[in-house]
Each structure stands twice: as C-alpha cells, then as structure tokens.
Amino acid sequence: MRHGKKFNHLGRTAAHRKAMLANMACSLIEHKRINTTVAKAKALKQFIEPLITKSKTENNQTTEKGTHNRRVVFSNLRDKYAVTELFGTVAEKVGDRPGGYTRIIKLGNRLGDNADMALIELVDFNELYNAGKSTKKTTRRSRRGGSKKAETVVPVAETKTTDDSEE
C-alpha cells in the first residue's frame, strides 16, 4: 500500500532522478526558464523551492548560517556556478517574496509522443508579467464610457503635436 507517498518517481531510479532534478535545477537557475514535461516541472518545483528559500538573505545573516546553507544547496545541485548565481542574483530578486518562486505554464502536447509540455520559470525574472503589474491601475471602467474617452484622448494628442511643429 502506498499511503502518504506523494513523491513522483518519474519512472527512474533514485540516483537517476536525483541527478536529473539537479541538472534541471541548474538549468533553471542559469536560464531562468526551461521547457519540460508537466510531471518533471512539478517534481522540479518541489525540488528547487526549498533551495531558493535557503538562499534568501534573511536566512544568511551570519557567515556560519550562510556557509551552511551554501553547502546544503551545493550538496543538492553539485554545480558551483549555479550556487553562486542562486545566492547572488536570484536571492536578491526573491528577497521579499514569501514563497512561490516558480511558475508552471502548460504549453500543450509534444508532437512526437503526445506528452504534456510545460514551461517552468522563476517568477521574478519574467519582465512581461512584472512590468504590467507595476504600471497597471486598478480602476473601474464602464462599457459605455470607454469609447467616448478614447475619442477625446486622440484629438488632444494631435493638438500637442501641431503646437510643437509650429514652434
């Protein structure tokens, strides 16, 4: 019986699975987003989020804690470049985030074997989603008033350009 065993084995031995997740985590840290299957993306999310939490600056206030956390992360990742990148740029970006450092976006099925594909990315490194949130205003607009406002905005912009050209 498999009561309480939630870990996805991904059809691999323990050593192969651990090496695969470490390589995928290093690639995710280096490139900030990777394409993979949905099952591997979900397993990678469970693998990498505790490591990102260990890299956050409030966990590394003293050198003893910082060194210990680096060694724990290095034992999982086994890549010096990925550890320095994680404790450097990634830790700065996710410093104020309380969790949920990765995002999984489903892409559809792969042509060859019809496997469910997904894009897994680090949330704070996506400029498209983050740029829209900072500039977007949360105001209510009605359907009737939207077209009238658009018409009034256009002549004002044209008037300003004609004033600039006359000067």
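The exercises below, each with a worked solution, concern a predicted model.

**Exercise 1. The sheet**

Determine the strand order of the open sheet and identify its edge strands.

Solution.
- Step 1: The open sheet is formed by 3 strands, ordered E1-E3-E2, with antiparallel pairing.
- Step 2: An edge strand pairs on one side only, and this holds for strand E1 (33-37) and for E2.
- Step 3: From one strand to the next, the twist averages 25°.

**Exercise 2. The hairpin**

Describe how E2 and E3 are joined, and find which residues stand opposite lysine 106 and isoleucine 105.

Solution.
- Step 1: Strand E2 covers residues 102-109, and 7 bridges join E2 to E3 in an antiparallel arrangement.
- Step 2: Reading across the pair, lysine 106 faces alanine 118 of E3, and isoleucine 105 stands opposite leucine 119 of E3.
- Step 3: The two strands make a hairpin, with 6 residues between E2 and E3. In the turn, asparagine 114 has a positive phi of about 65°.

**Exercise 3. The nonpolar core**

State how many residues the largest nonpolar core has, and work out which elements supply it.

Solution.
- Step 1: The core has 30 residues. Those with the most contacts inside it are Leu28, Leu44, Phe47, Ile52, Val73, Leu77 and Leu86.
- Step 2: At least two core residues come from each of helix H1 (14-31), helix H2 (38-55), helix H3 (63-77), helix H4 (80-93) and strand E3 (116-122).
- Step 3: H2 gives the largest share, 8 residues.
- Step 4: Take phenylalanine 47 as an example. With residues up to four places away in sequence left out, phenylalanine 47 touches Leu21, Ala22, Ala25, Asn76 and Leu77.
- Step 5: As background, nonpolar side chains in soluble globular proteins tend to be buried together.

**Exercise 4. Asparagine 69**

Decide whether asparagine 69 is buried or exposed, and list its surroundings.

Solution.
- Step 1: Asparagine 69 is part of helix H3.
- Step 2: The relative accessibility of asparagine 69 is 11%. The cut-off for buried is under 20%, so asparagine 69 counts as buried.
- Step 3: Apart from neighbours within four places in sequence, asparagine 69 is in contact with Lys54, Asn59, Asn60 and Phe87.
- Step 4: With one of these residues, asparagine 60, there is a polar contact from side chain to side chain at 2.6 Å.

Key:
Residues numbered from 1 in each chain as written. Predicted model: local features only at pLDDT ≥ 70, side-chain atom pairs only at ≥ 80, totals over all residues. Heavy atoms only, no water. Core = buried A, V, L, I, M, F, W, Y, C linked by side-chain atoms within 4.5 Å. Buried < 20%, exposed > 50% of the residue type's maximum accessible area, 1.4 Å probe, protein only. Helix = DSSP H or I, 4+ residues; strand = E, 2+ residues; numbered from the N terminus. Contact = heavy atoms within 4.5 Å. Polar contact = N/O pair within 3.5 Å; in protein donor to acceptor, adjacent residues only side chain to side chain. Pairing = 2+ DSSP bridges. Axes fitted to C-alpha atoms, helices over the stretch in contact; angles between N-to-C directions.
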